[in-house]
Amino acid sequence: VQLQASGGGLVQAGGSLRLSCAASLRTFSRYAMGWFRQAPGKEREFVAAISAGGGTSYYTDSVKGRFAIPRDNAKNTAYLQMNSLKPEDTAVYYCATPRNSGTTSQDMSVGRGMYYWGKGTQVTVSS
């Protein structure tokens, strides 16, 4: 399984970015998808996850109301729409999908399960 994340960059505080994650999964629609991030000197943390069918999503508290995680199963792609960006959102962002289709988006939100990881994409928010 390969996950290709893209869309990172440099943006001013208050701006927006949309990250994309293209997955080489034949059965993409059976798997939850998630985004994590790692800031310099910090551990990787959960950001958002969406269920296989797209009907349920979870967010870490610091991004609720600002970020959204849609997915397009026809394109084997998940997104992270980031609005009202803050300097503290600066990090390398990683997309992930569970190794087991039985791992749910709720599981991802609490770190349960094993995942496939994409290479990260850098997001830098200037103040």
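1. Secondary structure first. In this predicted model, the protein chain comes out with one helix and 12 strands. Reading from the N terminus, the order is β-β-β-β-β-β-β-β-β-β-α-β-β, with the helix sitting between the tenth and eleventh strands of that run. The radius of gyration is 13 Å, close to the 14 Å from the globule rule for 127 residues, so the chain is as compact as a globular protein of that length.

2. Overall dimensions and surface. Along the principal axes, the C-alpha atoms fill a box of roughly 40 × 25 × 25 Å. Of the 127 residues, 43% count as buried. The chain exposes about 6,500 Å², and carbon and sulfur atoms supply 45% of that area.

3. Contacts across the sequence. If you take the contacts with a separation of 6 or more, 57% of them come from residues 24 or more positions apart. Leu-3, in point 6, gives a local view of such pairings: its partners include Cys-95 and Trp-117.

4. The main core. The largest nonpolar core has 28 residues. Those with the most contacts inside it are Trp-35, Val-47, Phe-67, Leu-80, Met-82 and Tyr-93. Two or more residues each come from strands S1 (3-6), S3 (17-23), S4 (33-38), S5 (45-50), S9 (77-82), S10 (91-98) and S12 (121-126). S3 gives the most, with four residues.

5. A second core. Apart from the 28-residue one lies another core, made of seven residues. Phe-36, Ala-96, Met-108 and Tyr-115 are among them. Worth a look in the viewer: Ala-96 also turns up in the contact list of Leu-3.

6. Leu-3, at the start of the chain. This residue belongs to strand S1. Is Leu-3 buried or exposed? Its relative accessible area is 8%, under the 20% cut-off, so Leu-3 counts as buried. Leaving aside neighbours within four places in sequence, Leu-3 touches Cys-21, Ala-22 and Ala-23, then Met-33, then Cys-95, Ala-96 and Thr-97, and finally the run Tyr-116, Trp-117, Gly-118 and Lys-119. As a distance check, Leu-3 and Ile-69 are 66 residues apart in sequence and 16 Å apart in space, C-alpha to C-alpha.

7. Thr-90 and its polar contacts. You'll find Thr-90 in the loop between S9 and S10. What does its side chain reach at 2.9 Å? One partner is the backbone oxygen of Pro-87. A polar atom of the Thr-90 side chain also lies 2.9 Å from the backbone nitrogen of Val-125. Beyond its neighbours within four places in sequence, Thr-90 is in contact with Ala-39, Gln-122, Val-123, Thr-124 and Val-125.

8. Ser-84, in that S9–S10 loop too. Its phi is near 50 degrees, a positive value in a residue other than glycine. Is the residue tucked away? Relative accessibility is 39%, between the 20% and 50% cut-offs, so Ser-84 counts as partly exposed.

9. Asn-76, another positive phi. Here the angle is about 50 degrees, although the residue is not a glycine. Asn-76 is placed in the loop between strand S8 (71-72) and S9. For anyone going over the backbone geometry, these are two places to open up: Asn-76 and Ser-84.

Note on methods
Residues numbered from 1 in each chain as written. Predicted model: local features only at pLDDT ≥ 70, side-chain atom pairs only at ≥ 80, totals over all residues. Heavy atoms only, no water. Core = buried A, V, L, I, M, F, W, Y, C linked by side-chain atoms within 4.5 Å. Buried < 20%, exposed > 50% of the residue type's maximum accessible area, 1.4 Å probe, protein only. Contact = heavy atoms within 4.5 Å. Polar contact = N/O pair within 3.5 Å; in protein donor to acceptor, adjacent residues only side chain to side chain. Rg over C-alpha atoms; globule rule 2.2 N^0.38 Å. Areas by Shrake-Rupley, 256 points an atom, 1.4 Å probe, with all protein chains shown as cover.
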